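Could you walk me through this protein model in plain language? I would like to see how its parts fit together, and how far to trust them.

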Amino acid sequence: MRKWIALGACVAPLALGGMSLAQDKQDAKQAPQIPVEQRQISRLPPLPQPLDPILQEMFAKRRAQGGDIINLQIATGHAPQFTRAASAMAFTIRFNARTPRRLRELIILRTAQIVGSAYEINQHNPLMKMCGFSEAQIAALPQWQASQLFDDKERAALAYVEQMAHGGDVDDPTFANLQKYFPPEEIVEITYTVGSYYANGLLTKALRIEVENDGRETVAGTC
């Protein structure tokens, strides 16, 4: 009889502990989620609340366009004027360029790879797929020179990206080959795209901006 009493005394705390754990999980599910604009997602503190009017307008516009508020805007939102200017450049590259969108995404992803920005790679992998690139092409991109999965026009652009993003000294043969496929306007667009995303890549690394692990993506547009 004493054995049964002792056994019951041991089992009861275990059962209560299990109930407590289950309750904790349930409470976590029911707890209100912190809005993304209030999270700490980098080395910087959370954004001051209420949000600056510039950020309020930017974030409302992004949501209206079907995009999420991503960690890049949250981290850089501490300087609203700068993040608005940077967003304007990003949207110009995405929506107002003559260079084909498919090629721009290829350029952006290769630039992000060269810089080593896990953040930009995470954001632009889905956009590469949206633009019709296969998993095999994405996997081959770091060693594109040895791959047969890219056409001559893509290879001309990638060769330019490679040299520009490794110091900027583009040799004459590489530039001459680029000019075979792209007019001056598109060359300037490509150059701005590389420079912009190279800077973005460095910024995401220096501030240690967290990669979104909840599916949030920028305004995708069309390809």
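Here is a short tour, from the whole chain down to a single residue.

**The whole chain**

This is a predicted model, so confidence is a good place to begin. The protein chain has an average pLDDT of 88, and 86% of its residues score at least 70. Some stretches fall well below that average. Residues 1-21 have a pLDDT below 50, and this stretch makes zero contacts beyond its near neighbours in sequence. Residues 24-31 also stay under 50, with one contact in the model beyond four places in sequence.

The protein chain contains 10 helices and zero strands. It has 223 residues, of which 39% count as buried. Take the contacts between residues at least 6 apart in sequence: 71% of them join residues at least 24 apart.

**Two helices side by side**

The table sets out α2 and α6.

| Helix | Residues | Number of residues | End-to-end C-alpha distance | Expected span |
|---|---|---|---|---|
| α2 | 53-64 | 12 residues | 16 Å | 16 Å |
| α6 | 118-130 | 13 residues | 19 Å | 18 Å |

Start with α2. Its end C-alpha atoms are 16 Å apart, which agrees with the span expected at 1.5 Å a residue. Which residues of α2 are buried? They are I54, L55, M58, F59 and R62. These buried residues lie on the same side of α2, because they cover an arc of only 120° around the axis. The other side of α2 carries the exposed residues P53, E57, K61 and A64. The cover over the buried residues of α2 includes α3 and α4.

Now turn to α6, whose reach of 19 Å is close to the expected 18 Å. Where does α6 bend? The bend is at H124, by about 30°, and the proline P126 follows within four residues. H124 is also one of the buried residues of α6, along with Y119, E120, Q123, L127 and M128. Several helices help to cover these residues: α3 (71-76), α4 (80-95), α5 (101-115), α7 (135-140) and α10 (184-206) are among them. Just past the end of α6, G132 has a positive phi of about 95°.

**The nonpolar cores**

How many residues does the largest nonpolar core have? It has 23, and L106 and L141 are the ones with the most contacts inside it. The elements giving two or more residues to this core are α5, α7, α8 (152-164) and α10. Of these, α5 supplies the largest share, with five residues.

L106 is worth finding in the structure. Leaving aside residues up to four places away in sequence, L106 touches M128, F133, L141, F150, E154 and L158. One of these partners, M128, is a buried residue of α6.

Another core, of 15 residues, lies apart from the largest one; I70, I74, A75 and I209 are among its members.

**A closer look at A140**

Let us finish with one residue of helix α7, A140. Is A140 buried or exposed? A140 counts as buried because its relative accessibility is 16%, and the cut-off for buried is under 20%. Beyond residues up to four places away in sequence, A140 touches S147, L149 and F150. A140 and F150 are 10 residues apart along the chain, and their C-alpha atoms are 9.4 Å apart in space. F150 is also among the residues that L106 touches, so you can follow A140 to F150 and on to L106 by contacts.

How values were computed. Residues are numbered from 1 along each chain as its sequence is written. This is a predicted model: local features need pLDDT of at least 70, side-chain atom pairs count only at pLDDT 80 or more; totals for chains, interfaces and linings use all residues. Side-chain values use heavy atoms; hydrogens and water are left out. The expected span of a helix is 1.5 Å times one less than its number of residues. The bend at a residue is the angle between axes fitted to the seven residues ending there and the seven starting there. Buried means under 20% relative accessible area, exposed over 50%, partly exposed in between (1.4 Å probe, protein chains only). Contact means heavy atoms within 4.5 Å. A nonpolar core is a set of buried Ala, Val, Leu, Ile, Met, Phe, Trp, Tyr and Cys residues joined through side-chain atoms within 4.5 Å. pLDDT is the predictor's confidence in each residue, from 0 to 100. The arc is that of the directions from the helix axis to the C-beta atoms.
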